[in-house]
Amino acid sequence: MTSAQLYLDGVHVSFDGFHAINNLSMVLAPGEMRAIIGPNGAGKTTMMDIITGKTKPDEGDVYFDGRHDLTLLDETEIAKLGIGRKFQKPTVFESQTIQDNLLLALNVDHSVRGTLFWRGSRNEAERIDRVLETIRLTDARDRLAGNLSHGQKQWLEIGMLLAQDPKVLLVDEPVAGMTDVETHQTAELLKAINRDNKTVMVVEHDMTFVRELGVKVTCLHEGTVLAEGTIDDVSTNERVVEVYLGR
Ligand code: ADP
């Protein structure tokens, strides 16, 4: 078995006979950041659902760290292995401070889905300080999350993932609705997280952002890989251009 961090091979998923994922294969190396693009309906969300165990493939292999067969595990077990996911819409606790949001995230016990458990506060302050620094909200730590800008909420939610110290972060359209400055800062944030040895998979439509990430790009279409390479390779690929222009 490969030592890939994430390994998908020949994956198929169909919903009532419709092939949402159709012979999808992809390898993410440990510590890699990968951008996933593709038109609506390409299968990007379903791919993330497969990795996190929300959707089970009909066929194919999905391995983590070369040894964990994710198709045999449920969502809680997969989260415990260190695969964290951020959905497109930020979901922070608006009436809590930034710091308390991070504290809550840090204390999530994956063994009881949807329930938060407190497990004392050893070493927590230090970890939270590090996360606050990474998401550049140190000075705002005592502000209520509900008072943050849309961009800051997204960063806080990324911070909530980081508080759980995942090996892999799956991030869905982080810059949707952000200003140009926030978009740039989000690219810097993800690059910093990736430099810190986290594997990152980011789905995004914003090509300026994807270009700024400067990482390998995979374009999905009809549930499979249409093209893979640098943003220049992929964005000039004839098949990709056709798909985006709808021809
Ligand atoms: P993307 O995230 O790239 O826009 P999705 O993964 O959401 O694409 O969807 C891929 C295809 O699968 C779409 O055609 C979508 O309508 C279909 N699909 C996704 N989830 C379901 C579901 N639960 N039931 C039926 N069809 C679905």
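# Exercises on a predicted model

D65 is found in the loop that joins β4 and β5 (68–69). The model used in these exercises is a predicted one.

## Exercise 1: D65 and R136

Task: Decide whether D65 is buried or exposed, and find what sign the phi angle of D65 has.

Solution. Begin with the count of neighbours: 20 other C-beta atoms lie within 10 Å of that of D65. A residue counts as buried if 20 or more other C-beta atoms lie within 10 Å of its own, and D65 is therefore buried. Turn next to the backbone, where D65 has a positive phi of about 60°, although D65 is not a glycine.

Task: Work out where R136 lies and how R136 is classed by its C-beta neighbours.

Solution. R136 belongs to the loop between α4 and α5, and its position is just after α4. The phi of R136 is near 55°, which is a positive value in a residue other than glycine. As for its surroundings, R136 has 15 C-beta neighbours inside 10 Å and therefore counts as partly exposed.

## Exercise 2: The two sides of helix α4

Task: Find which residues of helix α4 (residues 124–134) are buried, and explain why they line one face of the helix.

Solution. The first step is to pick out the buried residues of α4, which are I128, V131 and L132. The second step is to look down the axis of α4: the buried residues fall within an arc of 100°, so they line one face of the helix. The general background is that an α-helix has 3.6 residues a turn, so residues three or four places apart point the same way. The third step is to turn to the other side of α4, where E126 and E133 are exposed. Finally, the buried residues of α4 are covered by elements that include α3 (98–106) and α5 (150–163).

## Exercise 3: Two helix pairs

Task: Describe how α4 and α5 pack, giving their angle and the distance between their axes.

Solution. Two packed helices are described by the angle between their axes and the distance between the axes. For α4 and α5 the angle is about 145°, and the axes are 9 Å apart. The crossing of these two helices, α4 and α5, is right-handed. On the α4 side the contact is made by R127, I128, V131 and T134, while α5 contributes G159, L162 and A163. Sorted by class, the residues of this contact of α4 with α5 are 4 nonpolar, 2 polar and 1 charged.

Task: Describe the packing of α3 and α5 by the same steps, beginning with how their axes cross.

Solution. The axes of α3 and α5 cross at roughly 35° and come within 8 Å, and the crossing is right-handed. From α3 the contact takes I98, N101, L102, A105 and L106, and from α5 it takes L156, G159, M160 and A163. The contact of α3 with α5 has 7 nonpolar and 2 polar residues, but no charged ones.

## Exercise 4: The shell around the ligand

Task: Find which element gives the most residues to the shell around the ligand.

Solution. Start from the residues around the ligand, which are F15, F18, A20, G38, N40, G41, A42, G43, K44, T45 and T46. Both β2 (18–28) and α1 supply at least two residues of this shell, and α1 gives the most, with 3 residues. A division of the shell by class then yields 4 nonpolar, 6 polar and 1 charged.

## Exercise 5: Three residues and their contacts

Task: For M26, T52 and H68 in turn, find the place of each residue, and then find which residues each one touches.

Solution. M26 sits in strand β2 and is buried, with 21 other C-beta atoms within 10 Å. Leaving aside neighbours within four places in sequence, M26 is in contact with L8, T218 and V225.

T52 is placed in the loop between α1 (44–51) and β4 (59–64), and T52 counts as partly exposed because it has 19 C-beta neighbours inside 10 Å. When residues up to four places away in sequence are not counted, T52 touches E75, I78, I83, R85 and L170.

H68 lies in strand β5 and, with 16 C-beta neighbours inside 10 Å, counts as partly exposed. Residues up to four places away again being left out, H68 touches Y63, L73 and L81. H68 and I78 are 10 residues apart along the chain, and their C-alpha atoms are separated by 9.1 Å.

Technical notes:
Residues numbered from 1 in each chain as written. Predicted model: local features only at pLDDT ≥ 70, side-chain atom pairs only at ≥ 80, totals over all residues. Buried ≥ 20, exposed ≤ 12 C-beta atoms within 10 Å, placed from the backbone. Helix = DSSP H or I, 4+ residues; strand = E, 2+ residues; numbered from the N terminus. Arc of directions from axis to C-beta. Contact = placed C-beta atoms within 7 Å. Near = placed C-beta within 6 Å. Nonpolar A, V, L, I, M, F, W, Y, C, P; charged D, E, K, R; others polar. Axes fitted to C-alpha atoms, helices over the stretch in contact; angles between N-to-C directions. Left-handed = near helix turned anticlockwise from the far one by under 90°.
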